[in-house]
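Reader: Could you take me through one part of this protein at close range? I would love a connected account rather than a list.

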Amino acid sequence: MAPTIRIGVLALQGAFIEHIHALNSLRDTEHISDAIEVRTKEDLASVDALIIPGGESTTIALVAERSGLLDDLREFVKAKPTWGTCAGLILLSKNAVHTKKGGQNLLNVLPVTVYRNQFGRQADSFTTNMSSPCLQEVSEGANEPFEYVFIRAPAIASIDDSEVEPLVMLPPGYGQTEISENGVLVAVKYRNLLGTSFHPELTTDNRWHRYFVRMAFGGVSQNIKI
């Protein structure tokens, strides 16, 4: 039997069920045994890789802390394949700007600086179609444009380690601050971590999930450690 991995989606708040659906759509073609909602330490210990979904980053961190899961999350993301989308990107980052009064807990593993709500309020949400070279390896045939969905999204203001690989840049004209002048970085990869500003789970295109599954499967196979 071919080896498979179990992928969890942190299910404390936010758009977790959509990620589960996207992962399940890949079970016939990728190395996935199952996809589960992660709410407890036991759930987290049972998975090989994790998605931290969009939602409200402060709330996710607060619920994780109150449920006794935060320290286990911090250990997990240091070593195992983890993808943070939107709020999940903020939580993975080492630095976050424009946090709520009093700050917030971060998992402090992805060496980038993130601007919260870079693209404005809920009413400023938007989609844009772009071709992304990083998706070529998971595209069947031509690398068609992907529909990028941004909802109160963060952006990556700076890369703070030379090992961080930029993956997707929005062209100039998007965003609310001076970092938008030369385009806005919205996806990066670093060792066992993937961070994206957008919501791929809100589309019917599962290529970003396929990208992460293959990254995770390779990481588990190689036993990546930071």
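What volume does the largest cavity have, and what surrounds it?

Author: Happy to! Please keep in mind that this is a predicted model. The largest cavity has a volume of about 40 Å³, and a search of the whole structure finds one cavity of 30 Å³ or more. Its lining is made up of Leu-10, Ile-60, Ala-61, Ala-64, Leu-70, Leu-73, Leu-91 and Leu-107. By class, that makes eight nonpolar residues, with no polar and no charged ones. Two elements, H3 and H4, each give two or more residues to this lining, and H3 gives the most, with three.

So let us stay with helix H3, which runs over residues 57-66. Its buried residues are Ser-57, Thr-58, Ile-60, Ala-61 and Ala-64. Seen down the helix axis, these buried residues fall within an arc of 165°, so they line one face of H3. Among the elements that cover them are strand S1 (5-10), helix H4 (70-79) and helix H5 (87-92).

The two ends of H3 are worth a look as well. At the N-terminal end, Glu-56 acts as a cap: one of its side-chain oxygens lies 2.9 Å from the backbone nitrogen of Thr-58. Just after the helix, Gly-68 takes a positive phi of about 75°.

Glu-56 also leads us to the largest pocket, which has a volume of about 200 Å³. Of the 16 residues lining this pocket, Glu-56 is one of the closest to its centre, along with Gly-55, Cys-86, Ile-151 and Arg-152. The pocket lining divides into six nonpolar, seven polar and three charged residues.

Methods: Residues are numbered from 1 along each chain as its sequence is written. This is a predicted model: local features need pLDDT of at least 70, side-chain atom pairs count only at pLDDT 80 or more; totals for chains, interfaces and linings use all residues. Side-chain values use heavy atoms; hydrogens and water are left out. On a 1 Å grid over the protein atoms alone, a cavity is a set of points where a 1.4 Å probe fits but cannot get out, and a pocket is an open set with protein on both sides within 12 Å along at least five of seven lines; lining residues have an atom within 4 Å of a point. Grid points are joined across faces, edges and corners, and a volume is the space filled by probe spheres set on the points. Ala, Val, Leu, Ile, Met, Phe, Trp, Tyr, Cys and Pro count as nonpolar, Asp, Glu, Lys and Arg as charged, and the others, Gly among them, as polar. Buried means under 20% relative accessible area, exposed over 50%, partly exposed in between (1.4 Å probe, protein chains only). Helices (H or I, at least four residues) and strands (E, at least two) are DSSP runs, numbered from the N terminus. The arc is that of the directions from the helix axis to the C-beta atoms. Contact means heavy atoms within 4.5 Å. A polar contact is a pair of N or O atoms within 3.5 Å; within protein, one must be able to donate a hydrogen and the other to accept it, and residues adjacent in sequence count only if both atoms are side-chain atoms.
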